[in-house]
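Reader: I have a model open and would like to talk it through. Can we take it piece by piece?

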Amino acid sequence: MTNRLYQQKQMVINILHPGKATVPKTEIWEIQAKMYKTTPDVIFVFGLEVHFGGRTTGFGTIYDSLDYAKKHEPKHVLARHGLYEKKKTSTKQGKEYKSRMKEVMGTAKANVGELEDWTTEGVKIIY
């Protein structure tokens with residue numbers, strides 16, 4: 001099925017693999033890429049369920065371009081493909097940020113992460 005709103009093709013995937021273990025997603029990407037004449041980086045497969053007797057069913061999407069995939073797919077799915085890296089922060093930084101957020105109310109929370117300028121005395125920085 002073609003979904004023009006998301007610039008993608010959606011499909012249910014049925015795989016027969018008798019006498020073989022579960023088929024890796026990378027292999028599924030390559031097979032789908034040959035079938036639909038595209039590259040494996042725009043193919044996203046998820047929800048695979050293995051049934052008894054060597055049968056697997058799942059769901060797949062093929063985007064028109066990599067830009068549309070980056071726009072519509074969740075970040076954790078893009079991370080599996082190696083298209084997104086989460087910013088690493090230390091635990092201490094996260095806890096300090098959380099405690100600063102507790103001290104303010106309302107729309108002031110948007111400015112908590114930013115450093116403010118020096119005060120009139122020139123000795124105190126407000127975070």
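Reader: How many bridges join strand β3 to strand β4, and which way do the two run?

Author: This is a predicted model. In it, seven bridges join β3, residues 43-51, to β4, residues 55-63. The two strands run antiparallel.

Reader: What stands opposite V50?

Author: T56 in β4 is opposite V50.

Reader: And the turn of that hairpin, which residue takes a positive phi there?

Author: G53, with a phi near 100°. The hairpin of β3 and β4 has three residues between the strands.

Reader: Back up a bit. What is the overall pattern along the sequence?

Author: The order is β-β-α-β-β-α-α-α, which comes to four helices and four strands.

Reader: In what order do the strands sit in the sheet?

Author: The order is β1-β2-β4-β3, in an open sheet with antiparallel pairing. β1 and β3 are at the edges with a single partner strand each, so one side of each has no neighbour in the sheet.

Reader: How many bridges are there between β1 and β2?

Author: Two, in the antiparallel sense. T2 stands opposite K9 of β2.

Reader: Change of topic: the core. Which residues touch the most other members?

Author: I13, I28, I43, F44 and V45 do, in a largest nonpolar core of 16 residues. At least two residues of this core come from each of β2 (8-16), α1, β3, β4 and α3 (75-81).

Reader: Take V45. What is it in contact with, leaving aside neighbours within four places in sequence?

Author: V45 contacts I13, K25, I28, W29, F59 and G60. I13 and I28 are also on the list of core residues that touch the most other members.

Reader: How much of the protein counts as buried?

Author: Of its 127 residues, 24% are buried. The accessible surface is about 9900 Å², and carbon and sulfur atoms hold 56% of that.

Reader: Which residues make a nonpolar patch on the surface?

Author: I31, M35 and Y36 make one of about 300 Å².

Reader: Is Y36 buried or exposed?

Author: Neither: Y36 is partly exposed, because its relative accessible area is 35%, and that class lies between under 20% for buried and over 50% for exposed. Y36 belongs to helix α1, residues 25-36.

Reader: Now the loops. Where is Q7 found?

Author: Q7 is in the loop between β1 (2-3) and β2. Despite the loop position, Q7 counts as buried, because its relative accessibility is 19% and the cut-off is under 20%.

Reader: What does Q7 touch, not counting residues up to four places away in sequence?

Author: Its contacts are I62, Y63, D64, Y68 and H72. Q7 and Y63 are 56 residues apart along the chain, yet their C-alpha atoms are separated by 5.9 Å.

Reader: What share of contacts in the protein comes from residues 24 or more positions apart?

Author: 46%, out of the contacts with a separation of 6 or more.

Reader: Last one, H17. Is it buried or exposed?

Author: H17 is buried, at 7% relative accessibility. H17 sits in the loop between β2 and α1.

Reader: And which residues does H17 touch, not counting those up to four places away in sequence?

Author: T22, V23, G54, R55 and T56. T56 came up earlier as the residue opposite V50.

How values were computed
Residues numbered from 1 in each chain as written. Predicted model: local features only at pLDDT ≥ 70, side-chain atom pairs only at ≥ 80, totals over all residues. Heavy atoms only, no water. Pairing = 2+ DSSP bridges. Patch = residues over 30% accessible without salt bridge, like charges linked within 9 Å, V, L, I, M, F, W, Y side chains within 5 Å. Areas by Shrake-Rupley, 256 points an atom, 1.4 Å probe, with all protein chains shown as cover. Salt bridge = Lys/Arg side-chain N within 4 Å of Asp/Glu carboxyl O. Buried < 20%, exposed > 50% of the residue type's maximum accessible area, 1.4 Å probe, protein only. Core = buried A, V, L, I, M, F, W, Y, C linked by side-chain atoms within 4.5 Å. Contact = heavy atoms within 4.5 Å.
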